[in-house]
Amino acid sequence: MYSILSAYFPQETGQSLRVGLQVLVEVSITYHPVYGMSLNIWNIDPTYTQGDLAKQRQATIRKLLQDGVMDLQQSLTTPTLIRKIAVISASDAAGYGDFCDQLNKNRFGFKFELSLFAAIMQGDHAPKSIIAALSNIVSQEEQWDMVVIIRGGGATTDLGCFDDYELASHCAQFPLPILSGIGHTRDMSIVDMVVHTS
């Protein structure tokens with residue numbers, strides 16, 4: 001039954017079943033004199049979890065607003081001539097390769113200095129990994145004109161880490177302008193909302 005539910009749940013919610021999600025399930029309990037008690041899950045209600053995820057997202061946005069950091073990046077000025085860009089992405093990401101290709105082949109012949117600060121870009125460990133990359137960049141802040149965070153398209157489940165409060169708060173308060181290229185045009189993470197330009 002798990003294989004059926006684990007395929008159905010992401011299809012309906014855009015989230016994979018993982019530790020920490022609140023779920024509403026239909027179960028039956030049986031007892032066997034030799035094997036003891038068993039709890040069998042027969043169905044799952046994806047609308048319950050969707051509501052919980054939406055509530056978590058709204059709570060994160062409210063907290064950022066209460067902290068007074070939601071619009072801090074908007075007050076930063078980007079240099080007229082941007083030359084030195086710190087990029088946070090996975091080293092093997094197609095989106096990172098596309099970004100470099102677009103800059104290298106720009107029609108004006110401008111030259112850019114790029115440096116990759118590799119990070120995990122999906123999953124539970126992504127927020128801490130991206131925050132570590134930001135900390136590494138800020139330790140050499142004077143070397144960079146701006147930061148670009150790149151995560152290509154994919155399933156909605158892969159982008160959930162960009163709604164993390166700690167990551168969004170770090171991005172919002174970062175001293176250099178951050179540009180984000182996360183997911184597809186239709187995707188709007190909380191990180192996209194707090195950075196200088198999405």
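**Notebook: Leu134 and its surroundings**

I started with Leu134, which touches Ile88, Val147, Leu167, His170, Cys171, Phe174 and Ile178, leaving out residues up to four places away in sequence. A reminder to myself: this is a predicted model.

**The core.** Next I looked up where Leu134 belongs. The largest nonpolar core has 35 residues, and Leu134 is among those with the most contacts inside it, together with Ile88, Ile137, Val147, Ile149, Phe162 and Cys171. I then listed the elements that give two or more residues to this core: helix H2 (46-67), E3, H4, E5, helix H5 (165-172), E6 and helix H6 (190-194). Which element gives the largest share of this core? I found that H4 does, with six residues. There is also a second, separate core of eight residues, and I noted Tyr96, Cys100, Leu103 and Val148 in it.

**H4 against H5.** I turned to the two helices that meet around Leu134. On the H4 side I found Pro127, Ile130, Ile131 and Leu134, which meet Glu166, Leu167, His170 and Cys171 in H5. The axes of H4 and H5 come within 9 Å and cross at roughly 20°. Angles under 35 degrees count as roughly parallel, and H4 and H5 are therefore roughly parallel to each other. I also wrote down the hand of the crossing: H4 passes H5 in a left-handed one.

**The sheet.** Then I traced the strands. Four of them form an open sheet in the order E4-E3-E5-E6, and the pairing is parallel. Why is one side of E4 and of E6 left without a neighbour in the sheet? Strand E4 (113-118) and strand E6 (178-182) stand at the edges, and each has a single partner strand, so one side of each stays free of a neighbour there. From one strand to the next, the twist averages 20°.

I looked at one pair in detail. Strand E5 (residues 146-151) pairs with E6 in the parallel sense over five bridges, and I found Ile150 opposite Gly181 in E6. Helix H4 (residues 126-138) packs on this sheet and touches strand E3 (84-89), E4, E5 and E6. The direction of H4 makes about 160° with that of E3.

**Along E6.** Last, I walked along the edge strand and saw its side chains alternate. Which of them are buried? Ile178, Ser180 and Ile182 point to one face and are buried, whereas Leu179 and Gly181 point to the other and are not. That took me back to my starting point, since Ile178 is one of the residues that Leu134 touches.

Notes. Residues numbered from 1 in each chain as written. Predicted model: local features only at pLDDT ≥ 70, side-chain atom pairs only at ≥ 80, totals over all residues. Heavy atoms only, no water. Pairing = 2+ DSSP bridges. Helix = DSSP H or I, 4+ residues; strand = E, 2+ residues; numbered from the N terminus. Axes fitted to C-alpha atoms, helices over the stretch in contact; angles between N-to-C directions. Contact = heavy atoms within 4.5 Å. Buried < 20%, exposed > 50% of the residue type's maximum accessible area, 1.4 Å probe, protein only. Core = buried A, V, L, I, M, F, W, Y, C linked by side-chain atoms within 4.5 Å. Parallel < 35°, antiparallel > 145°, perpendicular 65-115°, else oblique. Left-handed = near helix turned anticlockwise from the far one by under 90°.
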